[in-house]
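Biologist: Please take one part of this model for a close look and explain how its side chains are placed and paired. I would then welcome an account of other sites that can be described in the same terms.

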Amino acid sequence: MKKQRHKDFIKNRIKALFGKEKPLEAKALDEFVEDIADHQQTLQERIKELNCLYEASSLMADKEIATDQFMQSLSNIIKQAWQFPEITCVKIKIDGNEYLTANYSDTPWKLTSPVTMDGKDMGLLQVCYLEEKSASDEGPFLKEERNLLETIAGNLSQSLQNMKSEELLKKSRQRLLDAQRIAKMGDFTWNVQTGEVQWSKAMYELLGYDEDEKINFEKVNVDIHHPDDLERVIDWLNRCIKSGETHHEHQGYRVVTKDGKVLEVQTHIRINYVDGKATELLGTVQDITQRKRDEKALWESREHFRVTLLSIGDAVIATDTNACITAMNPVAEKLTAWEFEAAKGKKIQEIFNIYHAKTGDVVGNPVEKVLKTGHIVGLANHTRLIAKNGKEYQIADSGAPIVDKNGDTIGVVLVFRDVSREYSINEALKSSEEKFKSVFESANVGKSITKPTGEINVNKAFCDMLGYSQSEIKNKKWQDITPTDEIESIEKLIETLLNGTRDSARFEKRYIHKNGSLIWTDVSVAIYRNANRKPLYFLTTVVDITERKLAEMSLQKEKEWSENIVKNAPNIIVGLGERSKIKLFNQFAEKLTGYRAEEVIGKEWIGVFIPEDMQEKIYRVWAEIVENKLIDHHFENEIITKSGEKRMIEWSNTILTEGDEFRMILSLGEDITDRKNAEEKLKQSHELMRYIIENTNSAIAVHNRDLQYIYVSQRYLNDFKISGLDVIGKHHYEVFPDLPEKWRKVHKRALRGEVLSADRDPYHRANGTTDWTRWECRPWYESRDTIGGIIVYTEVITEQIETEIKLREYNKKLEQAEENARLGSWEVDLQTGKTWWSKQMFKLLGFEQSDNAPGFDEYLEHIHPADKEKVSVALDNLKKGVITPSMEYRGNPDFTGQKYLLSRAKGVKDQTGKLIKIMGTVLDITDQKLIENEISKLT
């Protein structure tokens, strides 16, 4: 109808103009009119399509708009761009959500285009006519409309991809911040020219400042650098800047946090230069306070060791791996008659001359033995040292290796002392001992010579009593064959002998037989001292009284055995007689079940505590223990407490008999309900982790320290085309044998604790293809300080990169389309007051191309003087949010030449209905107006 009205109007005007003087042929007139009308309609359709593309692009660029509002607004924009908007309806379907125009109805007359992301269909765009229209290029639709729909679908796909990329970038930034917090590290940028300083969030946290506080170079020097270190730090910075070098490392200085705390820090910096002049300094600051404290503690420990070495009572000599002397303490200088300065660097054999006191033979130097074996070596019992001055000493002790942190021997320490006096006494004692030995060995009761330190020397009767041979008991102490619960009381008794309170004692004690049984004995002990009353040894007589003691204890033991089990056991203890009747029921069982012992004694355990569906099975277990006389039977089952709660118990069952007669089953139970629940939760947690990783939309692989796969997402398998391979347990390099060396280095660094990443990284495959990836590789920890392996987050962004290229090409084509159509576009943000112009807008109004749109006053200077007032009124209204939908005006000939322009405007509202933005277009209609003017002149 609109096209017909155009045709009728043009035909009447031409007839009025030429009808009297030069009548036109009807056919020629119709053809002329048809051409003008077609041109007019085609131009209007293209303008609608361009307006649609512009409004859709502006909407997609708005990062603040909510998703539902965005999709609804986009569907309304698309509706207005079709030939017959009054019968057009639109549906947008994304991730199962549908956004429809108010008049939407599914009809046979429709156009559809898919919306994709990462190569997968996310949804579709669909345009329908509500009534049938005549056939065109594709059903009732134009080929330009098909192109328009696919362009919008492509733009929407890219917009969704960008939203996803921004979200991933946000997460990546958070991970970086977390890593800096863990490392106690922050980073900063200093503009050398202006003094302006920018801190990362981690830097603010490290130094205790709020992020809105203004930081500059002067504040850093006054408030943050420690005043005692300030001059040194500034001098270092100046030297770094003047050096012309890019990278610098400073070993450390002190800073003061906002709350006055002093930190030791280490700084690494990089300096950027322009034309040889330093412009920007980028750096990191790491808190090394704890490390400095550890270093100080290490130094203090070494100093303490040095002082200890000088003051120790034993002689100490240290050598290197060539057996050359590196240290001697004063005692060693005295015994060898060598001063350290004279002995330093000499071979140990020159200083430490030793031989056998009995035979006179040279004794092998212990330093050489230690260096050869790497083990501690003791000196022989009869070793004599000849000093430089000829004096001789009987010595004892040993040599030991000095090892580094890797376990490698780096020297030997030789510790010895003068035992000449003790040696003489021992030799004298040996003679006496030989005489005593025959009496000692022939005794028919147990005899023991015991040193104050616990070592024992026993006779044959003692060995026979405990079932040992002489060689088996030779190196034992009395504590080794004494029950643990008796050791403390006997040591107190021995102390009374050693301090002289008494000289002898008699008591009963138990010994542990070789077979593990206990032997009761009657022990008589006397202490023997030297002339100076120094204790030498104990002489002990031991008589076996086991049979008598067991007879005395049998009845008492029976009673105490039952009472102690019931009273003190930290687990459930129950005794079950015939038909599982309860005979014992301890306090722990009372606490767990809620029953008092008197409530259940005499009742059948199975009937009271076992669920009905399990009772028959438990009767069978009970019968099996009794019939087979099992003494180490284990079983798990549920019991029901008095409150009705079910608890899982792990039982250890033993049958007790008297002769062959059954007495009862003694059952020790541990409540494992919480452990079972925890095991189930842990299993569920692992399964949940595996499920989440395998089904996440991200490409994730989790490896152990050996780079074997533990978990892997389906997205990872798909992206890297390994979905048909079971990779769990396989080595990463086995799955990717062509993996570049760069990645292998990344894995090694991550296993040392680094977090590495890249936003755009090419991965060249062996088949010649290249994938673009965005990745991050970070360690995961089994415990606080133990790295369990690495996690690799990888995203193949090849399609995104290609889409970005296509988007740039599309924007270029859009600019070209605006230029061809002589159409400019503009936008005013009513919230910020900012105005945006397209390139063609500047050209239409005769402005030089700029990044910023001109102000309203400057804009009016480019309007024809006769039209300036109405344009000014429209601009004033625009500032107030009042829109002039359509307006024609002329450009100022001084800037634009003779040019007629048609302006159209449309408002954009937020979710509350508030007008927040006005968008519009300006179309060059000069040719149309000139034709109209010519026609007007002719009439």
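Modeller: A residue is called exposed when its relative accessible area is over 50%, buried when it is under 20%, and partly exposed in between. The model is a predicted one, and the part chosen for the close look is helix H25, which spans residues 741-751.

The buried residues of H25 are Trp743, Val746, His747, Ala750 and Leu751. Around the helix axis they cover an arc of only 130 degrees, which means that they lie on the same side of H25. Lys745 and Lys748, by contrast, are exposed on the other side of the helix.

A further lysine of this helix takes part in a pairing. Side chains of opposite charge can pair when their charged atoms come close. Lys742 forms a salt bridge with Asp761, and the closest N and O atoms of the two are 2.8 Å apart. Lys742 belongs to helix H25, whereas Asp761 belongs to strand E29 (residues 756-764), so the pair ties together parts that are 19 residues apart in sequence. The two partners can be placed by their accessibility: Lys742, at 38%, is partly exposed, while Asp761, with a relative accessible area of 10%, is buried.

The pairing of Lys742 with Asp761 belongs to a wider set, for the model holds 42 salt bridges when a side-chain nitrogen of Lys or Arg must lie within 4 Å of a carboxyl oxygen of Asp or Glu. Another of them joins Glu213 and Lys258, with 2.8 Å between the closest N and O atoms. Glu213 is in the loop between helix H5 (201-207) and helix H6 (217-224), and Lys258 is in the loop between strand E7 (247-256) and E8, so this pair ties together parts that are 45 residues apart in sequence. Lys258 is partly exposed, at 45% relative accessible area.

A salt bridge may also be found inside a single helix, as Arg239 and Asp235 show: both lie in helix H7 (residues 230-243), 4 residues apart, or about one turn of the helix. Their closest N and O atoms are 3.1 Å apart. Arg239 has a relative accessible area of 49% and is partly exposed, and Asp235, at 40%, is partly exposed as well. Elsewhere, Arg596, Glu598, Glu599 and Lys642 are linked in a network of salt bridges.

Charged residues can also be considered without such partners. Lys184, Lys261, Arg293 and Arg784 form a positive surface patch, whose members have no salt bridge. Of these, Arg293 is located in helix H8 (residues 289-311).

Two charged residues in loops deserve a note on their backbone. Asp275 is not a glycine, yet its phi is positive, at about 55 degrees. Asp275 sits in the loop between strand E8 (262-274) and strand E9 (277-287), and its relative accessibility of 81% makes it exposed. Arg579 likewise has a positive phi, near 55 degrees, without being glycine. Its loop runs between strand E22 (572-576) and strand E23 (582-585), and Arg579 is partly exposed, at 45% relative accessible area.

Finally, Ala905 is an example from a strand, namely E35 (residues 900-909). With a relative accessible area of 18%, Ala905 is buried. Ala905 and Ile918 are 13 residues apart in sequence, and their C-alpha atoms are 6.8 Å apart in space.

Notes. Residues numbered from 1 in each chain as written. Predicted model: local features only at pLDDT ≥ 70, side-chain atom pairs only at ≥ 80, totals over all residues. Heavy atoms only, no water. Patch = residues over 30% accessible without salt bridge, like charges linked within 9 Å, V, L, I, M, F, W, Y side chains within 5 Å. Areas by Shrake-Rupley, 256 points an atom, 1.4 Å probe, with all protein chains shown as cover. Lys, Arg positive; Asp, Glu negative; His and termini not counted. Charge placed at Lys NZ, Arg CZ, Asp CG, Glu CD. Buried < 20%, exposed > 50% of the residue type's maximum accessible area, 1.4 Å probe, protein only. Arc of directions from axis to C-beta.
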